[in-house]
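Visitor: Please choose a single part of this model and look at it closely with me, explaining each term as it comes up.

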Amino acid sequence: MSNGFARQCSHAANEYDRSAEQKNWRGPEVVFGLAYAFVEPGQSLLDIGIGTGLSAALFHKAGLAVHGMDLSPQMLEACRAKGFTADLTQHDLTVAPYPYDTASMDHAVSVGVLNHFGDLRTVFSEVSRIVRPGGIFGFVVEHREAGQEGSYDICPPNAPAGTTHTMYRHGADDISELLANNSFTMLRSLEFPVMHGGGQPLRAMAYIVRRG
């Protein structure tokens, strides 16, 4: 379950929160719980792929100023209607630079998004640029075991017959390389189960890393 998955499946933005609850998507709570010890009220947070704001809302309740970026104007409008964000920006996560100044944010998160991208180098390099030294980046990926394929195709619900969408897994070695190349150090990680649209269980990994 993810923000990008909802877009690919042509779900209405105002139905996304209901769908997430029905599928027992707990990525936002997992990342918030792991990150809570490292954030403070009054700090700023950039949510990369904010969607309807499920993850960002928890940080807002903890007193952080939330800024959001997403490709979908419909998702951004649904998030804007909740009235808790400092600002929202439409932008493609694969295109650098992101529309934020260097060292302009205290923290960043990306939850339920990165399994739609095989190459995460742009995301990590831009987060490293935007987040201030000492800040954290919380994110979720679908975990890839040694020897397991890095990608697979699914048929999104409600899509025309024969339509497929490629999903991506990222293993511990992949993440370690991204962290080393972008001045991040590992703080915490936790595996948790996810049910995707086909009803099959996935292994998700939540990470909290610190910008050096």
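Guide: Two strands are said to pair if DSSP finds at least two bridges between them. With that in hand, let us look at strand 5, which covers residues 136-143, where strands (E, at least two residues) and helices (H or I, at least four residues) are DSSP runs numbered from the N terminus. This is a predicted model, in which local features need pLDDT of at least 70 and side-chain atom pairs count only at pLDDT 80 or more, while totals for chains, interfaces and linings use all residues. Residues are numbered from 1 along each chain as its sequence is written, and side-chain values use heavy atoms, with hydrogens and water left out.

The chain as a whole has seven helices and nine strands, and 49% of its 212 residues are buried, a word that stands for under 20% relative accessible area, against over 50% for exposed and partly exposed in between, with a 1.4 Å probe and protein chains only. Strand 5 itself is mostly covered, since eight of its eight residues are buried.

Consider next the partners of strand 5. With strand 9 it runs antiparallel, and seven bridges join the two; here E142 stands opposite A204 of strand 9. Strand 7, residues 165-170, runs parallel to strand 5 and is joined to it by two bridges, and E142 also stands opposite R169 of strand 7. Strand 4, residues 107-110, pairs with strand 5 in the parallel sense as well, over three bridges, with V109 placed opposite G138. Between strand 4 and strand 5 the chain passes through helix 6, residues 121-130, in a right-handed β-α-β crossover, meaning that, with the strands pointing away from the viewer, the path from the first strand over the helix to the second runs clockwise.

On helix 6 we meet S128, which counts as buried because its relative accessibility is 7%. The side chain of S128 reaches the backbone oxygen of N182 at 2.8 Å. Leaving aside neighbours within four places in sequence, S128 is in contact (heavy atoms within 4.5 Å) with N182, S183, F184 and R211. Across the chain, among contacts between residues at least 6 apart in sequence, 66% join residues at least 24 apart.

Strand 5 also takes part in the largest nonpolar core, a core being a set of buried Ala, Val, Leu, Ile, Met, Phe, Trp, Tyr and Cys residues joined through side-chain atoms within 4.5 Å. This core has 35 residues, and V140 is among those with the most contacts inside it, together with W25, V31, I50, F59, F192 and A206. Strand 5, strand 6 (151-154), strand 8 (184-195) and strand 9 (201-211) are among the elements that each supply at least two residues of this core, as are helix 2 (16-22) and helix 3. Helix 3 gives the most, with five residues. A second, separate core of 26 residues includes F139, along with I48, F124 and V127.

Helix 3, residues 27-35, is worth a last look, because seven of its nine residues are buried, so this helix is largely enclosed by the rest of the structure. The buried residues of helix 3 are G27, P28, V30, V31, F32, L34 and A35, and V31 has already appeared among the residues with the most contacts inside the largest core.

Conventions. Polar contact = N/O pair within 3.5 Å; in protein donor to acceptor, adjacent residues only side chain to side chain.
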